[in-house]
Amino acid sequence: MDHQDASKSNFSIQPDTLALKEKARQEGLETIWDRFAAQQPQCGFCELGLSCRICVMGPCRIDPFGDGPQRGVCGADADIMVARNLARMVAAGAASHSDHGRDLVETLLAVAEGKAPGYKLNDLEKLSGLAAEFGMAPDLPPEAQAKELALALMEEYGIKKGFLQFTRRLPAARLEKWAKLGIAPRGIDWEISEMLHRTHMGVDNDAVNLLLQALRSALADGWGGSMIATEVSDVLFGTPKPVASQVNIGVLKKDQVNIILHGHSPLVSEMVAQAAADPALLQRAQDLGAQGINLAGLCCTGNEVLMRQGIPMAGNHLLQELAIVTGAVEAMVVDYQCIMPSVPEMASCYHTLFFTTYDKAKFPKAKHLSFSPENGAAMGRELVSQAVENFARRDSARVSIPAAPQAQVSGFSVEAILAALGGTPGPLLDAVKAGQIRGAVGVVGCNNPKITQDYGHVNLTKALIAADILVLDTGCAAVAHAKAGFKVPEAADLAGPGLKAVCRALGIPPVLHMGSCVDNTRIINLCAALAGALGVDLDHLPVAAAAPEWYSEKAATIACYAVASGVFTVLGVAPPVLGSAAVTDLLLNGLEAHLGAKFAVEPDPLKAAALIINHVEGKRRALGLDAR
Ligand code: BF8
């Protein structure tokens, strides 16, 4: 394992995870940590990015010590191999977020055409704002606006336009930097498919050129597919506002039907939430001896319904198998992404029903219902109904919910943050200028069994808020912070004196939950708004990003669009690039001259905090603000 807190378990800092992992062990059930151990030692060639299986002349590998082969069969050297591998990783992440965004757009169109019962246009203000951004007439009725907007967003995926509309939210100086490098994103699907083309054997063999297209694919996600996912989700389900909720496995209820919502999209989960309030289904649950129907989230579907509906969060990525081990889950409903292939197997060891809902994301041993915007509402009722009936099959002797829930406040969309500030970013900027808040950092990303669960997130964030740096979070990092108690207003006491005073005055926690991983676009939108208000490019801001425990291709893409947008980004796990000195140097050093931002890799969260604090203070100095 990489970085560990030696005084605690190697697996997690969370008591609920440790207790359930022990229960799984006693019951002879395999978890991710068992499989991680069985994989040791992991392949050193792959870890360095020095293996290639892109074509069938291979697989090939390059000897990092210089004794063995230095080229693959095709002639690719270490730089080409590493760059191609990283580029494909970034393209896959961009494809995942952006395909999720497309599902939202398709539903928006169906709603506009009256074909999606159960869904509605929820935030008309956001809808008309987006319509104006895309140059539509202001006096159209909402359905017509929604239809035109959906069609315009579909075009963003194609090749019709020279640029992605949302990139116009950025300062001109940023767009000029991209134009100079040739990385301004065109169509979303265009960039991703060009990336796959260029990494086919015998196309693009210039490591720098490959990496530039990787950045372009990432920007097509950050200022394209992911941003579309966030904005359209807000239109359909409401722009989040601060909402009180709870977190950790203790949110499951012993005496209720428990349904876990897992994956990334709000489309099915919102319909399950509606159905769970259906009086007939509640009555049926009571007839079967349950006190009610309890929903809980996992991963980013959990973040979506937490942000908008206040549905409590059971846990983050490494808890997904263990949630079932409570023996208290009647159904787990998944859509796509970050769902371990092992989960239905775990469900089969209990009474838990495991439902898949997308034809593009099927699992063996799952019960499959096929989602469409037309049948979403009916499907929500069917899912809840089957979960309720399954309560009768629960074996109470196997139930263990080993935690009391922790309170949290969620729902900090950009709109909600600005509303808390009185409608403009002015007060936030004033606090930054006065030095009460030194800067802001997005602490985001996953869990990874290479790192003690939540150790990286919690320790980094603790150090940042103590240094008067406001933390914005999303994804599984947000769940870690909530479990640690950072997301209640009283957590202001953990912050330095300046940040504490601001949080106290506004009644907010020092760590603000901005949503799921596609909602990292909320963070870059906020950065763009702050940069606009200050009249500078984003790389001048005292801001940074960190992904202390990342594992996924999507996280690699997010990191790339953060850096390309001008945000210094610290990774807690090294990406598989160390086999190429040229690629590593470009990421750690070379990008800065062109983009004003770069990557750093630092597994120790306290050292990562020191790097970030140093960066924030350096940016303050350059802006002429006081620096420590
Ligand atoms: O999109 S943080 S483990 S759940 S990839 Fe996955 Fe990572 Fe969690 Fe959300 Ni994001």
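Modeller: One definition before we start: Ala, Val, Leu, Ile, Met, Phe, Trp, Tyr, Cys and Pro count as nonpolar, Asp, Glu, Lys and Arg as charged, and the others, Gly among them, as polar. Also keep in mind that this is a predicted model.

Colleague: Okay, let's use that on the ligand. How do the residues of the shell around the ligand divide into nonpolar, polar and charged?

Modeller: You sort each neighbour into one of those classes. Here the shell has 7 nonpolar residues, 4 polar ones and 1 charged one.

Colleague: And which residues are around the ligand?

Modeller: A residue makes the list if one of its heavy atoms lies within 4 Å of the ligand. Several cysteines turn up: Cys299, Cys300, Cys338, Cys446, Cys476 and Cys517. The others are His264, His317, Gly445, Tyr551, Ser552 and Lys554. Domain 2 (249–398) and domain 3 (411–622) each contribute at least three residues to this shell.

Colleague: Which side chains have an N or O atom paired with an oxygen atom of the ligand?

Modeller: For a polar contact, look for N or O atoms within 3.5 Å of each other. Histidine 264 has a side-chain N or O atom 2.6 Å from a ligand oxygen. For lysine 554, the corresponding distance is 3.2 Å.

Colleague: What space does the ligand take?

Modeller: A cavity is closed to the probe, while a pocket is open. The ligand takes up the second largest cavity.

Colleague: Now the pockets. What lines the largest pocket, and which residues lie nearest its centre?

Modeller: Start with the space, then walk around its walls. This pocket holds about 1600 Å³ and is lined by 48 residues, with Cys46, Met89, Lys450, Tyr551 and Pro576 nearest the centre. You've already met Tyr551 around the ligand. By class, the lining splits into 26 nonpolar, 12 polar and 10 charged residues.

Colleague: Which helix or strand gives the most to that lining?

Modeller: That's α4, with 7 residues. Among the elements supplying at least two residues each are α2 (32–38), α3 (44–48), β1 (51–52) and α22 (553–564).

Colleague: What is the volume of the second largest pocket, and what lines that pocket?

Modeller: Read this one in the same order. Its volume is about 550 Å³. Of its 25 lining residues, Lys126, Glu231, Thr239, Val414 and Glu415 are closest to the centre. The lining has 8 nonpolar, 7 polar and 10 charged residues. At least two residues each come from α5 (124–133), α9 (207–237), α16 (414–420) and α21 (520–534).

Colleague: Which domains supply at least three residues each there?

Modeller: Domain 1 (78–237) and domain 3 (411–622) do.

Conventions
Residues numbered from 1 in each chain as written. Predicted model: local features only at pLDDT ≥ 70, side-chain atom pairs only at ≥ 80, totals over all residues. Heavy atoms only, no water. 1 Å grid on protein atoms, 1.4 Å probe; cavity = no way out; pocket = protein on both sides within 12 Å on 5 of 7 lines; lining within 4 Å. Points joined across faces, edges and corners; volume = space filled by probe spheres on them. Helix = DSSP H or I, 4+ residues; strand = E, 2+ residues; numbered from the N terminus. Domains from an automatic or database assignment. Polar contact = N/O pair within 3.5 Å; in protein donor to acceptor, adjacent residues only side chain to side chain. Sits in = over half its atoms within 2 Å of the grid points.
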